[in-house]
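Me: I would like to go through how some of the terms used for a predicted model are justified. Could we begin with what has to be found before two strands are said to pair?

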Amino acid sequence: MALVDRTPPRPSSRRGGAAPGPRLDVERIRRDFPILATQVRGKPLVYLDNAATAQKPRAVIDAISAYYESDNANIHRGVHALSIRATEAYEAARRRIQALINAEAPEQVIFVRGATEGVNLVAQSYGRPRLRPGDEILITEMEHHSNIVPWQLLCEQTGAGLRVAPINDRGELRLDEFERLLSERTKIAAFAHVSNALGTVNPVRELAGLAHRAGAVVLVDGAQATPHQAVDVRQLGCDFYVFSGHKMFGPTGVGVLYGRRELLEALPPYQGGGEMILSVTFEKTVYAALPARLEAGTPHIAGGIGLGAAVAYLSQIGYDAIAAHEAALLEHGTRVLGEIPQVRLIGTAAHKASVLSFVIDGVHAHDAGTVLDQLGIAIRTGHHCAQPVMQHFGVPATCRASLAFYNTTEELDVLAAGVRKVCEVFGV
Amino acid sequence: MKPDPDVKLDDLYQDVILDHYRRPRNRRELADADRRAEGNNPLCGDHVTIFLKVESGVVREVTFQGGGCAISTASASLMTEVLRGKTLDEAKAIFKRFHGLVTGEPRETSEPHGLGKLEVFSGICHYPARVKCATLAWHTLDAALRDDRRPEDVVSTE
């Protein structure tokens, strides 16, 4: 299947440091996603809410159906053929994910429900036994609530304090402040790879280096990074990296916690149950080795297999081609929205993923979202589970168009026309 | 697959709603209010404060501050116009009927709701995500009318 045309992109389509890469055959790719042919309110669907959840290619839908239709069994303990097949498919998915993020070994890929559970697992299993009053956790102002609240809970439980590194008015992390807030008290530094509300791409390697010099352990929330760019956990130098399957074209309910081996091995189990033990008596239970020790209970087998299929699909297209296409989309979207005088873009970082957050003068985001919905355009309106970001920019909510590699410049033109219609309806 | 309801944009954003959004009526603090309540819609960051002056069981004055989207601002504005001079029991009854209107509650009669200009919100029932916008001011009013509430109570539509 030749999804990729190997001709280099025009120079004008490169932006924001994206690697020059092969050009995508977008029309062909769109046929891989059945839902993209849907009509909404009598109009062709323009799906620009990918940061909330991405659509699923036929390969993922088929992998899940095939598992239920021909391989369904519980894994890791059956001796019968179906169980062996299901186990092999599930573990093959783990190995694919390992290769995708360049983890040292498959057992460092822990299946969880999603990025949120990954953060909570680290907070409770790594943080809770270790942190003491006076210790600190450093996060940033641009975090999603899922990378704020688990740390607040941990602070309540341990007496540790939460520190927050601020952002500037372009939506970039202030590195000087991040560095200043690090000290020997900092035990954990947790930050997004890519901001969901602003699209800002953080310099993870640099931040991890600073945090490590202060003696902190580093958790990176990669939920918004894996749909857009190659992630090499060893090159980034992080200790923990979490992401969600459904944002990277896989199913909901499955995600990944990557951790450095010695850290994962030192973690007490997050939950107790089946799968995670070697032997149980009422006197003593011996826990299983990684990854099973951190995966209590029957996992989301179909979800893991579906995520494996998504990873295979992404790998086939290639992140270079994805990054080049999305850079061109972001440039086009920034321009066509920027030409509308009533529009103000929120989040204008120099290094940005394909997210267009904006407000329209005199129109609340939810009104804009309802009008755009009438035109078949799906965007997210609200605070994007990042209320501190909204507070920074002094807005209650924004409109957010978040793009994926199957989006087109024509769809962004439809969005811009829709925004002009919003202005017309509300007379602004 | 259930077809999308055939609702036109003009049915939702009727001129009356747009007019009250652009020029909200009674949007001010009521210095001599004897009841007030605050309401939040965490979903969209809307915040409204309702001020009431009640004499002998009749709403003498009602004003609001805050707002947000066109639907919630216009709803608060129209509510203040409709409620002035109504008894507390009438106010509660109107809220009940209004709630039925915007949530599309099934009815045994095809008679009009008897809600007068509040019927401009009849299109909302086709937009479940926006019902909370239309009812925020009313839920807040309802809280202000309750006798057992503490002054620090804040209503949330979540």
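Reply: Two strands pair if DSSP finds at least two bridges between them. In this predicted model, three bridges join strand 10 (residues 217–221) of chain A to strand 11 of chain A, so by the cut-off of at least two bridges they count as paired, and they run parallel. One of the contributing residues is Asp221(A), whose bridge partner in strand 11 of chain A is Val242(A).

Me: What makes strand 11 and strand 12 of chain A a pair, and in which sense do they run?

Reply: Strand 11 and strand 12 (residues 255–259) of chain A are joined over five bridges, in the antiparallel sense, and the requirement of at least two is therefore met. In strand 12 of chain A, Tyr258(A) is the bridge partner of Tyr241(A), and Leu257(A) that of Val242(A).

Me: Why is strand 11 of chain A described as largely enclosed?

Reply: A residue is buried if 20 or more other C-beta atoms lie within 10 Å of its own; five of the five residues of strand 11 (residues 240–244) of chain A are buried, so the strand is largely enclosed by the rest of the structure. Phe240(A), Val242(A) and Ser244(A) point one way, Tyr241(A) and Phe243(A) the other way, and all are buried.

Me: Why are strand 6 and strand 8 of chain A said to stand at the edges?

Reply: The open sheet has seven strands in the order 6-12-11-10-9-7-8 (chain A), with mixed pairing. Strand 6 (109–112) and strand 8 (161–165) of chain A each have a single partner strand, so one side of each is left without a neighbour in the sheet.

Definitions and conventions
Residues are numbered from 1 along each chain as its sequence is written. Chains are lettered from A and ligands numbered from 1 in the order in which they are written. This is a predicted model: local features need pLDDT of at least 70, side-chain atom pairs count only at pLDDT 80 or more; totals for chains, interfaces and linings use all residues. A residue is buried if 20 or more other C-beta atoms lie within 10 Å of its own, exposed if 12 or fewer, and partly exposed in between; C-beta atoms are placed from the backbone. Helices (H or I, at least four residues) and strands (E, at least two) are DSSP runs, numbered from the N terminus.
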